[in-house]
Amino acid sequence: RMMPQDSVYGDWPRSGEIDLAESRGNDAETYVLGNNQIGSALHWGASYSTDMIDKTKGLFTAKRTKYSDGFHTYGLEWSEKYLFIWLDGRLRVSQTSTLF
């Protein structure tokens, strides 16, 4: 989770939040949501109730394995015009400045 040092635009989520990777370590046989998913997201919007995460999120499911079986590389590429989130060299979430 990446939060701004100073919330210059106001309370959450007005100043934004970047989640490169959110995952579960649950036993897939015991918990329905399992342990084979990784999520990435951008939180932004005018207020808590209008968080625009649904426009800028991704959920990725490992096939026939779980993410904890190996090492993974997460990346963030950020400029004035776009923001990209990468997982193992593959683009997973992208957003251009049209929504910023």
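This is a short talk about one predicted protein model and its strands, core and confidence.

Okay, hi everyone. Some housekeeping before the fun part. Residues are numbered from 1 along each chain as its sequence is written, and side-chain values use heavy atoms, with hydrogens and water left out. Since the model is predicted, local features need pLDDT of at least 70 and side-chain atom pairs count only at pLDDT 80 or more, while totals for chains, interfaces and linings use all residues.

So how confident is the predictor? pLDDT is its confidence in each residue, from 0 to 100. The protein chain averages 85, and 89% of the residues score at least 70. Among the elements of the chain, strand E4 has the highest mean pLDDT, 92, and strand E3 (residues 57-61) the lowest, 86.

Now, the sheet. When I say strand, I mean a DSSP run of E, at least two residues, numbered from the N terminus. Two strands pair if DSSP finds at least two bridges between them. In general, strands of a sheet pair through backbone hydrogen bonds, either parallel or antiparallel. Here we've got an open sheet of three strands in the order E4-E5-E6, and the pairing is antiparallel. At the edges sit E4 (74-78) and E6 (90-96), each pairing on one side only. From one strand to the next, the twist averages 15 degrees; axes are lines fitted to C-alpha atoms, and angles run from 0 to 180 degrees between N-to-C directions.

Let's look at the pairs. E4 and E5 make a hairpin, with three residues between them, and five bridges join these two strands. One to find on your screen: tryptophan 78 has leucine 83 in E5 as its bridge partner. On the other side, six bridges join E5 (residues 82-87) to E6. There, tyrosine 82 stands opposite threonine 96.

Next, which strand supplies the largest share of the largest nonpolar core? That's E5, with three residues. A nonpolar core is a set of buried Ala, Val, Leu, Ile, Met, Phe, Trp, Tyr and Cys residues joined through side-chain atoms within 4.5 Å. This one has twelve residues, including Ile18, Trp44, Phe60, Leu83 and Val93. Strands E1 (17-23), E2 (37-43) and E5 each supply at least two of them.

Last stop, arginine 90, which lies in strand E6. Is arginine 90 buried or exposed? It counts as exposed because its relative accessibility is 54%; the cut-offs are under 20% for buried, over 50% for exposed and partly exposed in between, with a 1.4 Å probe and protein chains only. Arginine 90 and glycine 75 are 15 residues apart in sequence and 9.4 Å apart in space, C-alpha to C-alpha. Thanks, everyone!

Note on methods:
Helix = DSSP H or I, 4+ residues; strand = E, 2+ residues; numbered from the N terminus. pLDDT = per-residue confidence, 0-100.
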